[in-house]
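Please open the complex in a viewer and keep the sequence panel visible. The tour below proceeds by selection, one stop after another.

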Amino acid sequence: MVLKYITYLLIFFFAFQSEQSLLELYEKKITRELSVENVDQQLVLSNKVNRAYAYWEEYQIGNQSDKQIIVASIFTCNLGGCTAEQAYQKSKTSQEYFDILLEFTDEKISRLKVLQYFSDYGYEVVSKNYLKKYLGKTACEFSNFNLEVDGISGATISVDALQTFLGELCSG
Amino acid sequence: MRLSIFLLFSLISLSLQAQRIDFESEPDKNLFIKLYGEVHFNQPINKDVREYGVFDVHRLVTLFGYQFNKNTQFVSEIEFEHGDEIFVEQAFIKHKLISNISLRAGMILVPMGIVNVNHEPTAFNGVERPLVDKYIIPSTWRSIGIGISGLLPDQSIKYQAYILEGMKSYDDGALLSSSSPVRQSRQKGLTSINTGLPSLAAELEYFGVSGLKVSASYFGGQTESSLNNGLDLNNAQLVMQADSSMVRLRMFTLQGEYNTDNFTLKAQATYGSIIDSENYNLFTGSDVGSAFYGFYIEPAYHIMKDEQKKWTFFSRFSMYDTEYSVAEDSPNLNTQNTVLTSGFGYYFTKGVVGKMDFQQIWNDAQNKQIFNAGIGVWF
């Protein structure tokens, strides 16, 4: 009888519990990427932001005050069916996303990796060789819709969405 | 109690599917509708023979898709061809299995050739699709099947592998011939038949160098035959006839695209082999070869007017042979074609193009010239 009530209680708890964080969702990948043990304990959440164009979580690693980790879900649109402006303003009629891991060291990008990409279009943006071009740049270099790094033919919307997101990080 | 535990685990797994894009509260944004279409004019030019030109609503394709949640999508394409033929070009579900690996099932585009997969009129140069993508790779080539697609971000690799319905080589008569090795044998999901193992299609693409994409693809399997229906396995004569009406088909393609701001280079080469073509021809009276090939190389130069408008000038050199080699004792017909297509496209804005080109075809039978003009849209 007691077990039954505990089960109902647990069902209630899980049914209404808050969403899983992006860090939890990609814990294994992030652990491997950052070479940090116990990512869930080492990374301390400092901010969570939900905007029309992206959702992201900001973390600090232990005592390393010069480093900031961001795990973000960047919103685009299905089958390349919108312009970057539409994706940004959320005035698009369809929705799509990709998730990234971003590390800043002294405010400069020191790591950028796409954790998940679902769409059949624009997947070239995940290339490690392409994302290398972002290293060493600050978020503010991408503000005012500057295309600070060259785009990729066929991945215009994903690249624009990524750079728009970086620019918005600058303005906070 | 068991039910409660089951419910508990179901809810735990549901909570793990949580997502930041709210697919549930804004379902109107989950539906996506797109369209591409092309209207053409083709005029053969011949000094000695009068030939009429053709105006044609070549294709009008509506695309409906639905994003059920972060991990599951449905895509369909319904095509109206030449104004009076209706086909389903794509109808598949895509479901993320684990990070960067998705399952795909339903009617799928066979991942072979630059145009077969990206076939919207704004994606290729020239009014008509390259002839190699018609007679050698039978675009739009689609099949019903299941498989996976995935990305390796660190290696800049995309891969796809599917098991698909096979091609059909015999349906109360031969479907393979020297002039069209595989085009007539697409089953297109029109109550496709299957007797043995399905066919296999796979592609490996590398996109790690800025502006460059190269890929290799394979399609292979035994073809299907209508003679397999109700076949009495104790009747050796009938079994032999049914076996002779099927062949083993293998196709390999290498393709690449290089893009800079003003310049694009596309190249593609396909080699196909038909094993058992000798027995097939003996039984069906057809004349299909044992191998076929086709390749093209296409440089294009873009003059940007602004971010949306541009002129594209291109020239495509193609060679293809629908019967490159034959089985012993079979007649080798001269089926080699050399094609030079040159022209331009003007993009009025992103997704709207006007095209014009001139096509010269050399083969054994004739030296043919065609003027083509058309419009294309994709939105």
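Select strands S12 (residues 248–259) and S13 (residues 263–275) of chain B, which run antiparallel and are joined by 12 bridges. Strands here are DSSP runs (E, at least two residues), helices are DSSP runs (H or I, at least four residues), and both are numbered from the N terminus. Two strands are taken to pair if DSSP finds at least two bridges between them. S12(B) and S13(B) form a hairpin, with three residues between the strands. To see one rung of this ladder, pick Leu254(B), whose bridge partner in S13(B) is Ala269(B).

This is a predicted model, in which local features need pLDDT of at least 70 and side-chain atom pairs count only at pLDDT 80 or more, while totals for chains, interfaces and linings use all residues. Residues are numbered from 1 along each chain as its sequence is written, and chains are lettered from A and ligands numbered from 1 in the order in which they are written.

**The other partner of S12(B)**

Add strand S10 (residues 212–222) of chain B to the selection. S10(B) and S12(B) are antiparallel and share 11 bridges. Here Val214(B) has Gly256(B) of S12(B) as its bridge partner. Strands of a sheet pair through backbone hydrogen bonds, either parallel or antiparallel.

**Helix H5 of chain B**

Next, select helix H5 (residues 277–284) of chain B, in which Ser277(B), Tyr280(B), Asn281(B) and Thr284(B) are buried. A residue is buried if 20 or more other C-beta atoms lie within 10 Å of its own, exposed if 12 or fewer, and partly exposed in between, with C-beta atoms placed from the backbone. Where do these four residues sit around the helix axis? They cover an arc of only 95 degrees, and therefore lie on the same side of H5(B); the arc is that of the directions from the helix axis to the C-beta atoms. The buried residues of H5(B) pack against strand S8 (168–170), helix H4 (236–244) and S13 of chain B. Contact means that the C-beta atoms of two residues, placed from the backbone, lie within 7 Å. Step just past H5(B) to Gly285(B), which takes a positive phi of about 80 degrees.

**Phe74 of chain B**

Move to Phe74(B), in strand S3 (residues 72–81) of chain B. Is Phe74(B) buried or partly exposed? Phe74(B) counts as partly exposed because it has 16 C-beta neighbours inside 10 Å. Leaving aside neighbours within four places in sequence, Phe74(B) is in contact with Gly65(B), Tyr66(B) and Ile93(B). A C-alpha distance of 5.8 Å separates Phe74(B) from Phe92(B), 18 residues apart along the chain.

**The sheet of chain A**

Switch to chain A, which contains seven helices and five strands. Colour the five strands to display an open sheet in the order S1-S2-S3-S4-S5, with antiparallel pairing. At its edges are S1 (43–50) and S5 of chain A, each pairing on one side only. From one strand to the next, the twist averages 20 degrees. Strand S4 (residues 96–105) of chain A is joined to S5(A) by eight bridges, and Asp99(A) has Gln116(A) as its bridge partner in S5(A).

**Helix H7 of chain A**

Now show helix H7 (residues 156–171) of chain A, which lies across strands S2 (54–61), S3 (64–76) and S4 of chain A, where H7(A) runs at about 140 degrees to S3(A). Axes are lines fitted to C-alpha atoms, for helices over the stretch in contact, and angles run from 0 to 180 degrees between N-to-C directions. The buried residues of H7(A) include Ile157(A), Phe165(A) and Leu169(A).

**Colour by confidence**

Finally, colour both chains by pLDDT, the predictor's confidence in each residue, from 0 to 100. Chain B has a mean pLDDT of 91, and chain A has a mean of 82. In chain A, helix H1 (residues 2–16) is lowest at a mean of 55, and strand S5 (residues 108–117) is highest at 95. Among the elements of chain B, helix H1 (residues 2–16) has the lowest mean, 46, and strand S9 (residues 199–206) the highest, 98. Where pLDDT is low, the predicted coordinates should not be read in detail. For the complex, the predictor gives an ipTM of 0.83 and a pTM of 0.87.
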